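Thanks for coming, everyone. Please pull up the structure, and then we'll walk through it together.

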Amino acid sequence: MNGCFQVMITEKETALKLVPPTNDGEPIAISELLDYLHTRKIENFDVKRLNAVVSTLKEQQVFSLIPQKISPIDESFMVTVSQDNMEAVARFYPPSTGGTRMDKAEIMDVLHQKKIVYGIEEDTIEKFLQRRQYCTDIVLARGKAPVHGADGKIEYFFNTDLNTRPKRNEDGSVDFFHLNTINHCKQGELLARMTPADMGESGTNLLGEVLKPRDVKNVSLKYGKNITISEDKTEIYSQVNGHVSLVDDKVFVSDVFEVENVGPATGNIESEGSVLVNGNVQTGFSIRAKGNVHVYGVVEGASIVAGGDIIIDRGMNGMGRGRLQAGGSIVTKFLENAVAYSDDYVEANSILHSTVTAKTEINVDGKKGFIMGGFVRAINRVNCRTLGSPMGADTYVEVGVDPEIKSRHQKLQEEILSIQQTIQKNKPILTNAAQKMKSGVQLEDDQMRYIQSLALETKKKQKRYAEVQAEYTGLESILEHKENACICVKDSLYAGTKVTISEATLVVKNTLQYCRLVKDQGDVRVTAL
């Protein structure tokens, strides 16, 4: 029990009964005692002597304050409310001789005067009234803290971060044959499970104010075809044997289209999923897939467009006609006389007389690792062993953002707007003519020729619009600003190679070894690797 004090009033004097603490109780705080006396207007006593008595108090004793009688002092208490209005702590003081004790109603009235209306612990008040303890902290009211919820989450039961980057062998060669590119799934297999957001629970402070829990983020299962969802909408399952992928937080399941070769026997291939070619892709044919395209053989002068990755185990000789466009990465043994664009990175053993663009980086640092002739562009960096040619083949390498690309981007934007305006202008005329002919109206020869020419023009414009939009989208990705763009050459950088980093350009005058090219203060600077 804490040490405490009580004012004693007689006919001749006003004194203090000082009670020392027991067991592990706290001693009387002289500051608290002086505040109490000052509040009750008891003054002109020997403060120094009182302090000495309190600080050495070992047993109960009476200390004379003033030689006169004062009016009785009733029992009272002081309430301290926490800064967050979540806890009210009371400290009671005993009545003086002749003073009156408080009852429950009076205690409640004081709390209400403090605007405390919630969380009052009446049981604690009852216990105090039965066994009064003074100069002791007693919690009379507690607020209810809000229970904070949790964000919803989705657990995927397949690999969502496939790595198509090839492994490098001990001898420096690159293994293009063992790539983890497809998540296989079976019919009825669990693909994902959603845990809904826990909204939490509101709280209330002592003043009766509602305390809302933190905002939480809801999630939902997004999925495409060949997928079923459970009755409670928290789990999704595959309907077919195929492969599963996660694209922009949406789960897709599709069958992998597998073929031996792409050529006259198959014609052009279009697939909603991934395409697997066990052999070669011949000149003049095309593959369009929303998923990945994996070719185990050689790609000739063909076109491959994939929403995901393109992997070509034995490389591509485009013969000036070959074109690759990947929404993901491009991994191939070599690129020769081809055009390639990747929304991620490009990895090859060699690039020869090709135009190659990557949204992030181009790595040509395998056993051969040369870039010779053509135009190579990446936003972040280009890594290779050999850059350029000792025979003087024109080789251009660009990283960062180029003003010419900005200009081309602007021209494409203007062309897109012009095409849209032409199509919108032609559309009502063609629609009106079609309705007339459907209703039996015979158009005159010159009117029919005009409508036919207008329809042909619209068809050409629509085709051109698709081409321009694809190029515009690619350039828009390139124009996303990237810092620290660089070119790293691990062996030889040959004279005549033209290097551009953002707006800065350098034509290499002398063959260099083991170097790194960066932009520094508006110029291309060559540093040690």
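One thing before we start. This is a predicted model.

Let's begin with helix H1 and helix H2. H1 passes H2 in a right-handed crossing. H1 covers residues 30-39, and H2 covers residues 47-55. Their axes come within 10 Å. They cross at roughly 135°. That makes H1 oblique to H2, because an angle counts as roughly antiparallel only over 145 degrees.

Which residues of H1 and H2 meet? From H1, look for Ile30, Leu33, Leu34 and Leu37. From H2, look for Val47, Leu50, Asn51 and Val54. Sort the contact by class and you get seven nonpolar residues, one polar and no charged.

Now move along to a second pair, helix H3 and helix H4. H3 is residues 104-113, and H4 is residues 122-130. They pack at an angle of about 135°. Their axes are 10 Å apart. H3 and H4 are therefore oblique to each other. The crossing here is right-handed.

What does H3 bring to the contact with H4? Lys104, Ile107, Met108 and Leu111. On the H4 side, they meet Glu122, Ile125, Glu126, Phe128 and Leu129. By class, that contact has six nonpolar residues, no polar and three charged.

Next, the cysteines. How many disulfides does a search of the whole structure find? Zero.

Take Cys4. The closest cysteine sulfur to its own is in Cys135, at 5.5 Å. A disulfide needs the two sulfurs within 2.5 Å, so that is too far for a bond. Is Cys4 buried or exposed? Cys4 is buried, with a relative accessible area of 15%.

Then Cys384. For the sulfur of Cys384, the closest cysteine sulfur sits in Cys515. The separation is 8.6 Å, so again too far for a bond. Cys384 has 0% relative accessibility, so it counts as buried.

On to the backbone. Find Asp249, please. Asp249 lies in a loop, between strand S17 (242-247) and strand S18 (250-254). Asp249 is not a glycine, yet it has a positive phi of about 65°.

Tyr514 is another residue to check. Where is Tyr514? Tyr514 is in strand S36, residues 512-520. Its phi is positive too, about 45°, although Tyr514 is not a glycine.

Two more stops. The next is Thr332, in strand S27, which runs over residues 330-342. Thr332 is buried, at a relative accessible area of 0%. Now look across to Ile351. Thr332 and Ile351 are 19 residues apart along the chain. Their C-alpha atoms are separated by 9.8 Å.

Last stop, Gly291. Gly291 is in the loop between strand S22 (286-289) and strand S23 (293-295). Is Gly291 buried or exposed? Gly291 counts as buried, because its relative accessibility of 14% is under the 20% cut-off.

What does Gly291 touch, leaving out residues up to four places away in sequence? There is Glu272, with Gly273 and Ser274. There is also Ala306, with Gly307, Gly308 and Asp309. And Phe252? Gly291 and Phe252 are 39 residues apart along the chain, with their C-alpha atoms separated by 9.4 Å.

To recap the helices: H1 passes H2 in a right-handed crossing, and the crossing of H3 and H4 is right-handed. As for disulfides, the search finds zero. That's my tour. Over to you.

Key. Residues numbered from 1 in each chain as written. Predicted model: local features only at pLDDT ≥ 70, side-chain atom pairs only at ≥ 80, totals over all residues. Heavy atoms only, no water. Axes fitted to C-alpha atoms, helices over the stretch in contact; angles between N-to-C directions. Helix = DSSP H or I, 4+ residues; strand = E, 2+ residues; numbered from the N terminus. Parallel < 35°, antiparallel > 145°, perpendicular 65-115°, else oblique. Left-handed = near helix turned anticlockwise from the far one by under 90°. Contact = heavy atoms within 4.5 Å. Nonpolar A, V, L, I, M, F, W, Y, C, P; charged D, E, K, R; others polar. Buried < 20%, exposed > 50% of the residue type's maximum accessible area, 1.4 Å probe, protein only.
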